[in-house]
Amino acid sequence: MRWIAPVAAVTIACSSPAAAGSKEDWDKASSVGRSALVVAALGIPAVQGDWKGDKQAAVAIGGTWVVTEALKRATNEQRPDRSDDKSFPSGHTSSSFAAAATLEKRYGWKVGLPAHLVAALVGVARVKAKKHYVHDVVAGALLGEATGWLVTSKKDQKVQWLPYASRHGVGASLAMRF
């Protein structure tokens, strides 16, 4: 697992829009970041021979894509750049957060934190590229995160935590098996 930090650093560097100034650069940065996260979510389990984790990542990313596409067709929201009417929700963001959520839930925060940073960068880049409104990105992030958490199980079942939200507040539950 020592190779995860360098992989995360390269992923963040490749998708970093620090030098990006134009909408096209932001668009490219978001696509690179999304692709890197999907490859990582499917590749890390495969490299480890964790076929259950690989299957869960595929289901999370695929399920998120299906729901995202259904919502795009149902809402027909015009993009900020007026290129089409498929703005809501952001597909780049939903698939990025689905990948990040599966990585975090399956392998822990050391993998999940860099993945979520890249996913957040993807969302920001979609707004900067004028491909989405902020609410498109927030909806995509919530959809991807929820799907990733719902279909993925922790690789080590001894300690589990689950975030929750209700109209009365937010929190997390923790379960430990001895």
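## A buried serine and the helices around it

At 18% relative accessibility, Ser-153 counts as buried, the cut-off for that class being under 20%. This is a predicted model, and Ser-153 is a handy place to start looking around in it. The residue sits in the loop between helix H6 (134–151) and strand E1 (159–166). Leaving aside residues up to four places away in sequence, Ser-153 touches Lys-52, Gln-56, Lys-105 and Arg-106. Gly-53 is 100 residues away from Ser-153 in sequence, yet their C-alpha atoms are 7.8 Å apart in space.

Stepping back to the whole chain, you'll count 6 helices and 2 strands. Along the sequence they come in the pattern α-α-α-α-α-α-β-β. Of the 178 residues in the chain, 42% are buried. As for contacts with a separation of 6 or more, 63% of them link residues 24 or more positions apart.

**How the helices pack**

Two helix pairs are worth setting side by side, and H3 takes part in both.

| Helix pair | Angle | Axis distance | Handedness of crossing |
|---|---|---|---|
| H2 (residues 23–48) and H3 (residues 51–75) | about 160° | 7 Å | left-handed |
| H3 (residues 51–75) and H4 (residues 91–107) | about 155° | 9 Å | right-handed |

Start with H2 and H3, which pack at about 160°. That angle makes H2 roughly antiparallel to H3, since anything over 145 degrees falls in that class. On the H2 side, the contact is made by Val-38, Ala-41, Leu-42, Pro-45 and Ala-46. H3 answers with Trp-51, Gly-53, Asp-54, Ala-57, Ala-58 and Ile-61. Sorted by class, the residues of this contact come out as 9 nonpolar, 1 polar and 1 charged.

Now turn to H3 and H4, packed at about 155°. Here too the angle makes the two helices, H3 and H4, roughly antiparallel. From H3, the residues in this contact are Lys-52, Gly-53, Gln-56, Ala-57, Ala-60, Ile-61, Thr-64, Thr-68 and Lys-72. They meet Gly-91, Ser-94, Ser-95, Ala-98, Ala-99, Thr-102 and Arg-106 in H4. The class split for this contact is 5 nonpolar, 8 polar and 3 charged residues.

Some names turn up repeatedly. Gly-53, Ala-57 and Ile-61 of H3 are listed in the contact with H2 and again in the contact with H4. Lys-52, Gln-56 and Arg-106, which belong to the contact of H3 with H4, are also among the residues that Ser-153 touches.

**The nonpolar core**

In soluble globular proteins, nonpolar side chains tend to be buried together. In this model, the largest nonpolar core has 19 residues, and Leu-37, Ala-41, Ile-44, Ile-61 and Leu-103 touch the most other members. At least two residues of this core come from each of H2, H3, H4 and helix H5 (109–128). H4 is the biggest contributor to the core, with 6 residues. Two of the best-connected members also show up in the packing of H2 against H3: Ala-41 from H2 and Ile-61 from H3.

**Another buried spot, in H4**

Ala-101 lies in helix H4. With a relative accessible area of 0%, Ala-101 is buried. Setting aside residues up to four places away in sequence, Ala-101 touches His-116, Gly-144, Glu-145, Gly-148 and Trp-149. Leu-150 is 49 residues from Ala-101 in sequence, and the C-alpha atoms of the two are 9.4 Å apart.

**Backbone oddities in the loops**

A few loop residues deserve a look at their backbone angles. In the loop between H3 and H4 you'll find Pro-89, and the peptide bond leading into Pro-89 from Phe-88 is cis, with omega near -10°. Asn-76 lies in the loop between H3 and H4 as well. Its phi is near 50°, a positive value in a residue other than glycine. At 38% relative accessibility, Asn-76 counts as partly exposed.

Lys-130 is found elsewhere, in the loop between H5 and H6. Lys-130 isn't a glycine either, but its phi is positive at about 65°. With a relative accessible area of 43%, Lys-130 is partly exposed.

Key
Residues numbered from 1 in each chain as written. Predicted model: local features only at pLDDT ≥ 70, side-chain atom pairs only at ≥ 80, totals over all residues. Heavy atoms only, no water. Axes fitted to C-alpha atoms, helices over the stretch in contact; angles between N-to-C directions. Helix = DSSP H or I, 4+ residues; strand = E, 2+ residues; numbered from the N terminus. Parallel < 35°, antiparallel > 145°, perpendicular 65-115°, else oblique. Left-handed = near helix turned anticlockwise from the far one by under 90°. Contact = heavy atoms within 4.5 Å. Nonpolar A, V, L, I, M, F, W, Y, C, P; charged D, E, K, R; others polar. Core = buried A, V, L, I, M, F, W, Y, C linked by side-chain atoms within 4.5 Å. Buried < 20%, exposed > 50% of the residue type's maximum accessible area, 1.4 Å probe, protein only.
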